[in-house]
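Please look at the model below with its pocket and bound ligand in mind. The paragraphs that follow go from the pocket to the ligand and then to single contacts.

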Amino acid sequence: MEIHQAVFVASSTRVADKPKELHPEFAFIGRSNVGKSSLINCLCNKKSLARTSSTPGKTQCVNHFLVDGKWYIVDLPGYGFAKLSKKMRENIEGMIKDYILNSQELVLLFVLLDSRHKLLKNDLEFLTMLGEEGVPFSIIFTKSDKVGKNILVSRVESNKKELLNYWEELPPVFVTSSHTGKGREELLEYIGNTLTTIN
Ligand code: GTP
Ligand code: MG
């Protein structure tokens with residue numbers, strides 16, 4: 001599948017305020033600064049569709065982008081940004097949960113993990129919550145251009161092994177780089193196939 005047109009539609013802080021025109025939604029979540037907005041731009045081949053920043057905490061609302069008039073990409077704020085005040089962090093976490101648990105159109109949530117690092121406690125807690133709530137998700141290891149090939153393979157494998165301590169089997173796992181485009185085609189193919197199965 002290829003994306004021909006992607007347009008920003010709206011930012012919301014409550015699921016009740018998301019765009020009224022309903023379409024299937026594929027959302028991107030993960031720790032702050034993991035590369036959600038950059039990956040969305042890479043998928044859409046548009047440099048500044050979603051706002052990115054080298055400082056964590058850039059995306060602070062739920063942003064809907066309409067793709068080819070048929071489905072939405074949803075850019076979510078990151079979780080676990082330690083520098084925010086407790087109140088702000090709670091607000092953002094509430095916004096994320098409200099969207100994830102209440103958006104009827106959410107088809108799949110992509111959980112982004114940095115391929116350079118071990119899973120952190122907040123990643124595992126978040127994934128556990130998804131399991132408990134029955135939210136369908138896939139995993140994406142981001143920023144794969146930042147590590148050498150061998151380290152990348154061993155890091156991804158050890159993180160998958162760690163996840164298998166909690167799950168009997170893993171959902172589809174992708175390895176991407178928004179800088180080189182690695183994993184882009186596979187991800188678009190997967191979204192395309194998922195859209196076909198729900199139509
Ligand atoms: P928040 O909105 O703050 O939660 O962050 P985010 O997850 O949307 O991250 P964002 O896309 O803004 O990227 C954070 C930083 O990582 C930026 O400086 C990006 O340029 C950089 N970055 C994102 N993806 C990649 C990647 O694949 N490779 C490299 N080398 N850098 C990346
Ligand atoms: Mg962002």
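Sorted by class, the residues lining the largest pocket comprise 20 polar, 8 charged and 5 nonpolar ones. The model is a predicted one, and the pocket in it has a volume of about 600 Å³. Its lining consists of 33 residues, and those closest to the centre of the pocket are G35, S38, T52, S53 and K143. The element that gives the most to this lining is helix α1, which spans residues 36-44 and supplies 6 residues.

The largest pocket is also where ligand 1 sits. Around the ligand there is a shell of 21 residues, of which K36, S38, T59, D145 and S178 are the closest. S38 thus appears in two lists: it is among the residues closest to the pocket centre, and it is among those closest to ligand 1. Divided by class, the shell contains 14 polar residues, 5 charged residues and 2 nonpolar residues.

Which atoms of S32, N33 and V34 lie at polar-contact distance from ligand 1? For S32 the atom belongs to the side chain: an N or O atom there is 3.3 Å from an oxygen atom of the ligand. For N33 it is a backbone N or O atom, at 3.0 Å from a ligand oxygen. V34 likewise uses a backbone N or O atom, which lies 3.3 Å from an oxygen atom of ligand 1. Taken on its own, ligand 1 has 650 Å² of accessible area, and the protein covers 91% of it.

How values were computed:
Residues are numbered from 1 along each chain as its sequence is written. Chains are lettered from A and ligands numbered from 1 in the order in which they are written. This is a predicted model: local features need pLDDT of at least 70, side-chain atom pairs count only at pLDDT 80 or more; totals for chains, interfaces and linings use all residues. Side-chain values use heavy atoms; hydrogens and water are left out. A residue is near a molecule or strand if one of its heavy atoms lies within 4 Å of it. A polar contact is a pair of N or O atoms within 3.5 Å; within protein, one must be able to donate a hydrogen and the other to accept it, and residues adjacent in sequence count only if both atoms are side-chain atoms. Accessible areas come from the Shrake-Rupley method with a 1.4 Å probe; for residues, only the protein chains shown count as cover. On a 1 Å grid over the protein atoms alone, a cavity is a set of points where a 1.4 Å probe fits but cannot get out, and a pocket is an open set with protein on both sides within 12 Å along at least five of seven lines; lining residues have an atom within 4 Å of a point. A molecule sits in a cavity or pocket if more than half of its atoms lie within 2 Å of its grid points. Ala, Val, Leu, Ile, Met, Phe, Trp, Tyr, Cys and Pro count as nonpolar, Asp, Glu, Lys and Arg as charged, and the others, Gly among them, as polar. Grid points are joined across faces, edges and corners, and a volume is the space filled by probe spheres set on the points. Helices (H or I, at least four residues) and strands (E, at least two) are DSSP runs, numbered from the N terminus.
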